[in-house]
Amino acid sequence: MKTRVAWQEDVHFTAQTGSGFSIEIDGNQEKGARPMELILAGLGGCTSYDVVKILQKARQDVVSCVAEVDAERSDSVPAVFTKIHIKFVVTGRKLKPAMVERAVKLSAEEYCSASLMLERGGVEITHSFDVIEVE
């Protein structure tokens with residue numbers, strides 16, 4: 001896996017991912033996301049992918065899955081993440097809350113590489129979920 005990050009100007013960079021996508025990164029948030037925001041986005045995407053796939057394999061009728069990721073950082077430099085909470089809002093038809101809970105747990109404990117990497121680095125990660133029923 002590779003990514004190329006090229007400096008544009010000031011604190012603005014463009015990342016070109018190995019899969020061919022461009023991401024604008026900017027330390028001032030004027031032209032792109034801040035680098036630490038991208039870590040949270042990657043975590044949210046990684047764990048959401050797992051949750052949706054696990055629920056689909058369990059034949060749950062998922063129509064939406066949103067991961068709301070909130071983080072706390074150290075006050076000192078380097079300002080690493082110390083705590084992250086991920087709240088999943090899973091919407092679907094006749095979803096079983098126990099299945100959603102199982103999917104979240106499996107992602108956190110076995111499948112999400114981003115989550116497991118951050119935890120092994122000392123970040124406390126917690127999870128919660130809401131299930132929303134639609135017709």
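Biologist: Quick one to start: how many aromatic pairs does the structure hold?

Modeller: Zero aromatic pairs turn up in the structure. Keep in mind that this is a predicted model.

Biologist: OK, what sits over the ring of Phe81, then?

Modeller: That's the charged end of Arg73, 5.8 Å from the centre of the Phe81 ring.

Biologist: Switching to pockets. What volume does the largest pocket have?

Modeller: About 210 Å³. Helix H1 (35-57) and helix H3 (113-120) are the elements that each give two or more residues to its lining.

Biologist: Which of them gives the largest share of the lining?

Modeller: H1 does, with six residues.

Biologist: And which residues line the largest pocket?

Modeller: Here's the list: Pro35, Leu38, Ile39, Gly42, Leu43, Cys46, Ala114, Met117 and Leu118.

Biologist: How do those lining residues divide into nonpolar, polar and charged?

Modeller: Eight are nonpolar, one is polar and none is charged.

Biologist: I spotted Cys46 in that lining. Is Cys46 buried, partly exposed or exposed?

Modeller: Partly exposed, because its relative accessible area is 22%, and buried would need under 20%.

Biologist: Since we're on cysteines, how many disulfides does a search of the whole structure find?

Modeller: Zero. For background, a disulfide is a covalent bond between the sulfur atoms of two cysteines.

Biologist: Why is there no bond from Cys65 to Cys112?

Modeller: Because the sulfurs are too far apart: the closest cysteine sulfur to that of Cys65 is in Cys112, 12 Å away. A disulfide calls for sulfur atoms within 2.5 Å.

Methods:
Residues numbered from 1 in each chain as written. Predicted model: local features only at pLDDT ≥ 70, side-chain atom pairs only at ≥ 80, totals over all residues. Heavy atoms only, no water. 1 Å grid on protein atoms, 1.4 Å probe; cavity = no way out; pocket = protein on both sides within 12 Å on 5 of 7 lines; lining within 4 Å. Points joined across faces, edges and corners; volume = space filled by probe spheres on them. Helix = DSSP H or I, 4+ residues; strand = E, 2+ residues; numbered from the N terminus. Nonpolar A, V, L, I, M, F, W, Y, C, P; charged D, E, K, R; others polar. Phe/Tyr/Trp six-rings, centres within 6.5 Å; stacked < 30°, edge-to-face > 60°. Lys NZ or Arg CZ within 6 Å of the ring centre and 35° of its normal. Buried < 20%, exposed > 50% of the residue type's maximum accessible area, 1.4 Å probe, protein only.
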